[in-house]
Amino acid sequence: MTVPAKPRPEFRNINAFKDLTTYRMPAAAWVSILHRVSGAIMFLLLPFIIWLFDTSVSSEISFARFRAAFNVGLGFVPGVIVKLVALALIWAFLHHLIAGLRHLYMEVTHKLTKEFGRSSAMSVLVLSLGLTVILGAKLFGIY
């Protein structure tokens with residue numbers, strides 16, 4: 001007689017509205033997704049970055065206009081919005097840099113354990129958000 005085989009698992013498609021809201025992603029997944037998002041933010045805001053660099057180094061008059069853009073604003077855009085966009089760029093750069101260094105370190109050392117992935121992902125999130133808060137405080141004139 002043959003022994004009955006173990007029942008095969010049932011696979012189904014994921015319902016984006018019902019299943020994704022209940023799925024709890026690990027920290028490494030969040031870091032990976034945010035790494036892509038931060039790269040996309042930096043790419044999309046590249047004209048703003050080029051304008052920031054150009055007006056800050058062209059002349060003393062353009063540098064004064066650059067500072068006024070952060071204090072007063074640009075046309076109909078208030079200065080707070082310009083500062084928030086700059087803060088988003090600061091976060092995107094810091095997160096992308098730190099997460100990229102994490103990926104590079106994991107590839108070089110072959111440390112691919114679950115515990116190292118979790119701890120390094122949490123350190124990336126803490127470092128990028130902490131440095132963003134510190135530089136954001138400087139940007140908004142808290143210190």
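By the ring-pairing rule, this predicted model has a count of 5 aromatic pairs. One of them joins Tyr 105 and Phe 116 in a tilted arrangement, with 5.9 Å from centre to centre and 45 degrees between the planes. That pair links distant parts of the chain, since Tyr 105 sits in helix α4 and Phe 116 in helix α5, 11 residues apart. Helices α4 and α5 come up again below, in the pocket lining and in a nonpolar surface patch.

**Salt bridge**

- How many salt bridges does the structure hold? The count is 1.
- The partners are Arg 118 and Glu 115, whose closest N and O atoms are 3.3 Å apart.
- Helix α5 carries both Arg 118 and Glu 115, and they are 3 residues apart, about one turn of the helix.

**Largest pocket**

- The largest pocket holds about 260 Å³ of space.
- Its lining is made of 13 residues, and those nearest the centre of the pocket are Pro 26, Ala 27, Ala 28, Gly 117 and Arg 118.
- Arg 118 therefore turns up in two places if you are browsing the model: it lines the largest pocket, and it is the salt-bridge partner of Glu 115.- Which elements give two or more residues to the lining of the largest pocket? They are α1 (27-44), α4 (79-109) and α5 (114-139).
- Helix α5 supplies the largest share of that lining, with 3 residues.
- Sorted by class, the lining of the largest pocket has 6 nonpolar, 5 charged and 2 polar residues.

**Nonpolar surface patch**

- A nonpolar patch lies on the surface, and together its residues have about 920 Å² of accessible area.
- Its members are Val 80, Ile 81, Leu 84, Leu 127, Leu 131, Ile 134, Leu 135, Phe 140, Ile 142 and Tyr 143.
- Where does Val 80 have its place? This patch residue belongs to helix α4.
- At least two residues of the nonpolar patch come from each of α4 and α5.
- Helix α5 gives the most to the patch, with 4 residues.

**Helix α5 at a glance**

- Helix α5 contains Phe 116 of the tilted aromatic pair, along with both salt-bridge partners, Arg 118 and Glu 115.
- Helix α5 also provides the largest share of the pocket lining and the most residues of the nonpolar patch.

Terms used. Residues numbered from 1 in each chain as written. Predicted model: local features only at pLDDT ≥ 70, side-chain atom pairs only at ≥ 80, totals over all residues. Heavy atoms only, no water. 1 Å grid on protein atoms, 1.4 Å probe; cavity = no way out; pocket = protein on both sides within 12 Å on 5 of 7 lines; lining within 4 Å. Points joined across faces, edges and corners; volume = space filled by probe spheres on them. Nonpolar A, V, L, I, M, F, W, Y, C, P; charged D, E, K, R; others polar. Patch = residues over 30% accessible without salt bridge, like charges linked within 9 Å, V, L, I, M, F, W, Y side chains within 5 Å. Areas by Shrake-Rupley, 256 points an atom, 1.4 Å probe, with all protein chains shown as cover. Salt bridge = Lys/Arg side-chain N within 4 Å of Asp/Glu carboxyl O. Phe/Tyr/Trp six-rings, centres within 6.5 Å; stacked < 30°, edge-to-face > 60°.
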